[in-house]
Amino acid sequence: MSSKVEESLGYEQARDELIEVVRRLEAGGTTLEESLALWERGEELAKVCRRWLEGARARLDAALAEGEDGRPDGESAEGEGE
């Protein structure tokens with residue numbers, strides 16, 4: 001149920017907005033309807049952040065798996081012995 005806006009948000013943008021949502025909820029003083037809207041927005045933002053972090057983890061895992069052969073990035077076994 002995410003919109004194109006949420007999909008286009010960068011991690012830092014989503015995180016910063018989520019921090020603001022939490023701050024507003026913790027401060028209180030909002031109506032029940034406003035609080036529910038803030039909560040729902042916070043859930044959406046948390047999902048965006050989670051997707052970014054999962055993607056970053058996958059990229060790290062892939063990079064670490066490629067580097068397990070002990071060679072620096074970009075160096076292949078075919079180049080040995082030259």
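Partly exposed residues have a relative accessible area between the buried limit, under 20%, and the exposed limit, over 50%. The model shown in these views is predicted.

**View 1. R57 and D61 form a salt bridge within helix α3.** Their closest contact is 3.6 Å, N to O. The two residues sit 4 apart, about one turn of the helix. R57 has 49% relative accessibility, so R57 counts as partly exposed. D61, at 40%, is also partly exposed.

**View 2. A salt bridge links E17 to R41.** The N to O distance is 2.8 Å. E17 belongs to helix α2 and R41 to helix α3, so the pair ties together parts 24 residues apart in sequence. E17 is partly exposed because its relative accessibility is 30%.

**View 3. R15 and D16 pair in a salt bridge.** Their closest N and O atoms are 3.0 Å apart. R15 is partly exposed at 31% relative accessibility. D16 is partly exposed too, at 42%. The structure holds 5 salt bridges.

**View 4. The largest nonpolar core has 7 residues.** Its members are L9, A14, V21, L38, L45, V48 and C49. Helices α2 (11–27) and α3 each supply at least two of them. The largest share, 4 residues, comes from α3. Across the 82 residues of the protein chain, 13% count as buried.

**View 5. E33, E34, E40 and E43 form a negative surface patch.** E34 lies in helix α3, which spans residues 32–66. With 40% relative accessibility, E34 counts as partly exposed.

**View 6. The protein chain has 3 helices and 0 strands.** Along the sequence, the pattern reads α-α-α.

Methods:
Residues numbered from 1 in each chain as written. Predicted model: local features only at pLDDT ≥ 70, side-chain atom pairs only at ≥ 80, totals over all residues. Heavy atoms only, no water. Patch = residues over 30% accessible without salt bridge, like charges linked within 9 Å, V, L, I, M, F, W, Y side chains within 5 Å. Areas by Shrake-Rupley, 256 points an atom, 1.4 Å probe, with all protein chains shown as cover. Salt bridge = Lys/Arg side-chain N within 4 Å of Asp/Glu carboxyl O. Lys, Arg positive; Asp, Glu negative; His and termini not counted. Charge placed at Lys NZ, Arg CZ, Asp CG, Glu CD. Buried < 20%, exposed > 50% of the residue type's maximum accessible area, 1.4 Å probe, protein only. Core = buried A, V, L, I, M, F, W, Y, C linked by side-chain atoms within 4.5 Å.
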